[in-house]
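Dear colleague,

I am passing on the structure below, and my notes on one helix and on the cysteines follow it. Please read them with the coordinates open.

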Amino acid sequence: MFRIFTFLIIFSFFSCKGQTEKKMPNQKYTNSLINETSPYLLQHAHNPVNWYAWNSKTLELAKKENKLLLISIGYSSCHWCHVMEHESFEDEEVAAVMNKHFINIKIDREERPDIDQVYMNAVQLMTGRGGWPLNCIALPDGRPIWGGTYFPKQNWINALEQLSKLYSETPEKAIEYAEKLTEGVKNSDLIVFNDSKADFNVADLNNAVDEWKQYMDFDLGGRRGAPKFPMPNNYSFLLRYAIQANNPEILDYVNTSLTNMSYGGMNDQIGGGFSRYSVDKKWHVPHFEKMLYDNGQLVSLYSKAYQATQNELYKNTVYKTLEFIERELTDKDGAFYSSLDADSNNKKGELVEGAYYVWTQDELKSILKSDYELFSDYYNVNHYGYWEHDNYVLIRKNTKKAIAKNHSISVSELEIKIQNWHLKLLKKRDKRERPRLDDKSLTSWNALMLKGHIDAYTVFNEQHFLDTAIKNAKFIYTKQLQENGSLNHNYKNGTSTINGYLEDYATVIDAYISLYEATLNEFWLNTAKQLTDYTFDHFYDSEKSMFYFTSDEDESLITRKMEIEDNVIPASNSIMARNLFKLSHYFSNNYYLKTSKQMLNNVKDKSLKYGSGYSNWLQLMCDFSGDYFEIAVSGKNALNTMEEINKKYIPNKLIAGSIKQSKLPLMEGRYKENETLIYICVDGACKLPITKTKEALDQLKIEF
């Protein structure tokens, strides 16, 4: 029913590989985006297209002039967004068509994920696929009638002219399409309150993983085929499941995935940090944009994986990634920037995807001299690592031990050489023109990176990681938290302009709970609870026992969405459900626990059938399916005791602690001066306190 205008939808999906000539914007044009703060919107401020930002004034103008809305959504590091801008939005012929017939709205999908959700949903219903740039045509009231992703210039012009003709000559048809499509958008994520008994067990988890296995690439890791995306929460759940269910096959799959992701070209072998995804099945050639949210979650994942396996590769991956974050995506106030572009200028001044990161053999021979042969073996500067145009994307294939043996040197000698190679190549690379930086800060993405630093500190006990985490936590608290208890979503040049979404609250609450566990500073835990209570007041639907993505204080779109499916970033509802589970233990709050359980029950069937899309929900199912331990540590040496506990991978636990008297329900009455006591509890029932960490750990059962 919704596949309307399929004759117009041409070239709606392209692989992320290619190049486009550098072209400076035509400064004789300036549109209203010049007043915005988003780097992506500012990139379009000198297009001949008369762009507007999304606001009530723009929407009123569309109604007043009775013009269709042309809604174009992208983000600053999006390669194909740049291609379409160059081919169409910088073109005067295209601009003339757009300006004559449409009110043109340009949207940064990172700043306005609420709008992106609605129109992405509409395009997926029409075409069966989505992506960015996302282009959608809507009635003046915002109801969509047609859309797609990337369009070459002439196809774009043809489509716009036909749509304009349709609306001017037979508007009733456009309205009919809009009504049907809008109904589809409203019903696409409909949540039904599940009133059956909430029962979760290990058999359910086994069935979910068995169903999932058909999509797993056991040879190379990740999902079968290409492209391959790093889905951090998938592996976080599967790591936990493998260990708790004592399943060596799944544990091997997780280790294969994490090893090849770390070895691959998707992981910047020289400078650290992960790109968005790889376009091939061996994790080799990346789509070169680097996003904060990927790297934050991958730091958490690799930290936990090291904790579980003691694999040094995972530790090195964490350290290199955090070095990249500090070097390239952190500002002086402790905020984290959003992303680095996929494209940069090559030696010819052409804007090319990956130009900053790739190498030719001649370059490497000139820089590395006598070490070139060893380097080329280690990083596969051969047919295995070749990309295109005489360029190589560095990729590992063998362990350090195997390479060292093959070249008759020790592993320690090889490691010294690797460090020297990185220094030389970084110095050389820094002379190239850098990819563009998206220097806005988003609260939710900052919270993911904040949690990454906390998890890294918890596992490696590196004080610098904690210092960075606390600085960022204070940035969020002082700059993004408002006097009325609400959070803002964005921050740039001292300005926040957008009200927070559920993802902002959910991720900050999660990070603040983790920061409490790392520091025992109850300020962070109490702030997490305050933010949680705010979400109940402004986001919660008590009839469905789920949270909306937008606050009741936000202006209405054509529908109010609920985010349920875990994607690259887990769904805001699944993060909230897990937050409520943890907070129910800390504050003995049965309402939190009941809500968490009902939320999981609402998505139980989908979680068991589509595990990869509900992996964070499955983590919560783990919590409900086996013992979940509350570890309370009280006394002057509580922090040191926690450090010892954190050396062991224990996914089914939370930590509470205090070095003095505490009124926290989980800690109240448990402080004794001059003693450090450890209490192991399950559902509030505690064993007798003990003083030795090893004895406490012996009481914990990790397996189901």
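Buried here means under 20% relative accessible area, exposed over 50%, and partly exposed in between (1.4 Å probe, protein chains only). This is a predicted model, in which local features need pLDDT of at least 70 and side-chain atom pairs count only at pLDDT 80 or more, whereas totals for chains, interfaces and linings use all residues. Residues are numbered from 1 along each chain as its sequence is written, and side-chain values use heavy atoms, with hydrogens and water left out.

On the cysteines, a search of the whole structure finds two disulfides, a disulfide being a pair of cysteine sulfur atoms within 2.5 Å. One joins Cys78 to Cys81, with 2.3 Å from S to S, and with 80° about the S-S bond this link is right-handed; Cys78 is buried at 3% relative accessibility, and Cys81 is buried at 2%. The other is formed by Cys681 and Cys686, whose sulfur atoms are 2.0 Å apart, and this link is also right-handed, with 100° about the S-S bond. Cys681 is buried at 0% relative accessibility, whereas Cys686 is partly exposed at 30%.

Why is Cys136 not bonded to Cys81? The sulfur of Cys81 is the closest cysteine sulfur to that of Cys136, but it lies 15 Å away, which is too far for a bond. Cys136 is buried, at 1% relative accessibility.

In helix H2 (residues 56-65; helices are DSSP runs of H or I, at least four residues, numbered from the N terminus), Thr58, Leu59 and Ala62 are buried. On the other side of H2, Lys57, Glu60 and Lys64 are exposed.

Best regards

Definitions and conventions. Helices (H or I, at least four residues) and strands (E, at least two) are DSSP runs, numbered from the N terminus.
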